[in-house]
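Please open the model in your viewer and keep the selection panel at hand. The tour below goes from one selection to the next and says what is to be found at each stop.

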Amino acid sequence: MSVQKQALLEVRDLKTRFYTFAGVVNAVDGVSFSVGRGEILGLVGESGGGKSVIGFSILGLIDPPGKVDDGEILFGGVDLRRKSEKELQKIRGKEIAMVFQDPMTSLNPLQTVGEQIDEMLRLHSDLDGKARRARCIEMLSDVGISEAEKRLNNYPHQFSGGMRQRVVIAIAMIAGPQLIIADEPTTALDVTIQSQILKLMKQQVREREASMILITHDLAVVSQMADEIVVLYCGKIVEKGPKQDLISKPAHPYTQGLLGSIPKLHDRQDRLTQIPGTVPDVRNLPQGCNFRERCPFAQARCAEEEPEQHALDAGRSVACHFPLEQELAP
Amino acid sequence: MLGYLTKRLIQMTVVLWVVSLIVFMMMSFTGDPVFMVVPIDATDAEIAQARRILGLDQSLFVQYVKFLTSIFEGDFGRSYVFRQPALDLILQRMPATLEMVLVAMALAVVISIPLGVYAGAHPGSRISKTIMAGSLFGISLPGFWVGMMLIYLLAVQWGWFPSSGRGDTVEVFGMRVSLLTADGWTHIILPAVTLSLGTMAILLRITRAGMMEVGRQDYMKFARAKGVAPRDVLFRHGLKNSLIPVVTIFGLQIGDLIAFATITETIFSWPGMGKLLIDSIYRADRPVIVVYLMLVALIFVVINFLVDLLYTLIDPRITLK
Ligand SMILES: Nc1ncnc2c1ncn2[C@@H]1O[C@H](COP(=O)(O)OP(=O)(O)O)[C@@H](O)[C@H]1O
Ligand code: SF4
Ligand SMILES: [Mg+2]
């Protein structure tokens, strides 16, 4: 076993709830994981699992009626939950940057791309106007936009979706953050563009020795990118571990289901419905295992007792009463 | 761009022409102005002569052509009452009205936009609810009543402000301006507040609605994720994005302000063109009414044009076609 890398981010028992009129939503319910320096962590699960909420909780961007109720978010050993809004503003963008899902909507339509990149440097650096401009041009070329100097004066609508996401990545990277949270960064893009963007992100992260939390519902994407994988279901972690092991020998039936839904090339439709049934209503979760109604291996005990997270070998853990036999997989 | 400007110019001319037609028809079908100019004891011959002098004996078509050509020459005829060129009369009074409208507009913008942004950003808060309740008053209370109340309380009871007139003025480029004297300001503040209340309330509500809509957009959250301070997120990223409807309504409201200026001027005895209009309507002083209507139409058309230009300044995705 390799030596455990020093954790850059350690999330402990995070609980984020939304107090809506229709009831309390336990969007994130006791989630713990850590991201090592230089590591890419894949956060996987179907839509509604709480992935985005985890991302926003880390940055302190949960708005009412939502609230981070419990847990610790240790970034470089310091709990971000204890930071003031002012202090968080210095961390957002500079230490921890975020890439959103839809580049069509995450850029301000009324500001030039140059202004939006430059805003990061104005906020997080002491550079003067000229130096900032040079940095912006350099950064824009880095993310693969040609004629960067000219493009600075363009508005978002003058770019294609893939190009916009490159701009968003440039914004995320320019202040030199140690952690990038990428929330479904390629979901809104064409299939052909997706792998380009993923490659770019991986290259940028590795080059800068930064860490990344890659949020996606697509296990195929994480298997391409991540070092570690965390699988989320109904706001809880059902399985986590190093990518290779987890993919080749999934221990949780849900992970296996997700793996079964990885599309063969050119066959992308309906891949999520390959796990039978639907995600239960988070406001009204069943007793016992949340996955029970969709699980082909469910037994009586699953209906009574909620499975606890327990460790397997090789740094893995799973929350299932009857983890899949690991020897089955090659 | 040049093509656009030509097109707009033609459009504007057509609109003004239609207005001239409507104004002319209205004037022709509402009473006989000849009795305004002849003495009560005039003989039939005298009346006929007056009619000839005013051109009222000719066919409507000929009258209209004459009317139109003289408009193009800037000649709107003489006021039946003051015996002066009607255009001069209006132009003399116009600065007073514009001044009041301008102050009312400025008040509306300066007060309603920050409040609207705040109320839109914190829709549930108590302050926002207070602001919104206040804006309901602004919309529903009739301007003339508010004006009279202000006069009663602030002018009559407490004597803080004068109740009527324009106060000291200074002449700038041949126009009398009261905004350059302290006395002028004390005179303008009550009528301007009265005039602006409705617009203030509407702008506030539009701004709030826009900000609430914009607040849901990803780029607002993205800006926060960049580390932008909340206030800058609202004003630098949010406000501009909710400005298109605000500008649209504002453009329309300017028309309202000019229209309501007539009432406000009457209440505060403000010597503007609105008061002149009301007086002229009582006296059936046709040329003055015509000048007023045409001028207001012109202002409308120009403001509309400016609003369209403003759109393109706000939003790069909007192009002039
Ligand atoms: N603003 C909100 N108000 C109420 N519930 C919310 C809000 N945001 C997220 N949730 C709930 O939190 C849960 C997790 O959402 P999310 O993190 O967006 O899922 P994912 O990103 O995995 O698709 C969902 O059940 C969703 O309904
Ligand atoms: S605990 Fe039972 S129901 Fe839940 S995943 Fe494991 S086997 Fe399936
Ligand atoms: Mg999401």
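How are H11(B) and H13(B) oriented to each other, roughly parallel or roughly antiparallel? Before answering, bear in mind that this is a predicted model. Select helix H11, residues 243–267 of chain B, together with H13(B), and you will find the two packed at an angle of about 165°, with their axes 9 Å apart. Angles over 145 degrees count as roughly antiparallel, and H11(B) and H13(B) are therefore roughly antiparallel to each other. As H11(B) passes H13(B), the crossing is right-handed.

Keep H13(B) selected and add helix H1, which covers residues 2–29 of chain B. Here H1(B) packs against H13(B) at an angle of about 155°, and the two axes lie 10 Å apart. That angle makes H1(B) roughly antiparallel to H13(B), and the crossing of this pair is right-handed. If you colour the contact of H1(B) with H13(B) by residue class, you should find 19 nonpolar, 3 polar and 3 charged residues in it.

Next, replace H1(B) by helix H5, residues 86–121 of chain B, while H13, residues 286–314 of that chain, stays on display. The axes of H5(B) and H13(B) come within 8 Å and cross at roughly 55°, and these two helices are therefore oblique to each other. The crossing of H5(B) and H13(B) is right-handed.

Now move to chain A and select ligand 2 with the residues around it. Which residues come nearest to ligand 2? Of the 13 residues around the ligand, these are Cys289(A), Cys295(A), Cys302(A), Cys320(A) and His321(A). By class, the shell around ligand 2 is made up of 10 nonpolar, 2 polar and 1 charged residues. If you display cavities, the space that ligand 2 takes up is the largest cavity.

Two backbone details in chain A complete the tour. Select Pro64(A) and Pro65(A), which are joined by a cis peptide bond with omega of about 10°; Pro65(A) itself is placed in the loop between helix H1 (51–59) and strand S4 (66–75) of chain A. Finally, select Asp13(A), which lies in strand S1, residues 7–20 of chain A, and look at its backbone, where phi is near 50°, a positive value in a residue other than glycine.

Methods: Residues numbered from 1 in each chain as written. Chains lettered and ligands numbered in written order. Predicted model: local features only at pLDDT ≥ 70, side-chain atom pairs only at ≥ 80, totals over all residues. Heavy atoms only, no water. Near = heavy atom within 4 Å. 1 Å grid on protein atoms, 1.4 Å probe; cavity = no way out; pocket = protein on both sides within 12 Å on 5 of 7 lines; lining within 4 Å. Sits in = over half its atoms within 2 Å of the grid points. Nonpolar A, V, L, I, M, F, W, Y, C, P; charged D, E, K, R; others polar. Axes fitted to C-alpha atoms, helices over the stretch in contact; angles between N-to-C directions. Helix = DSSP H or I, 4+ residues; strand = E, 2+ residues; numbered from the N terminus. Parallel < 35°, antiparallel > 145°, perpendicular 65-115°, else oblique. Left-handed = near helix turned anticlockwise from the far one by under 90°.
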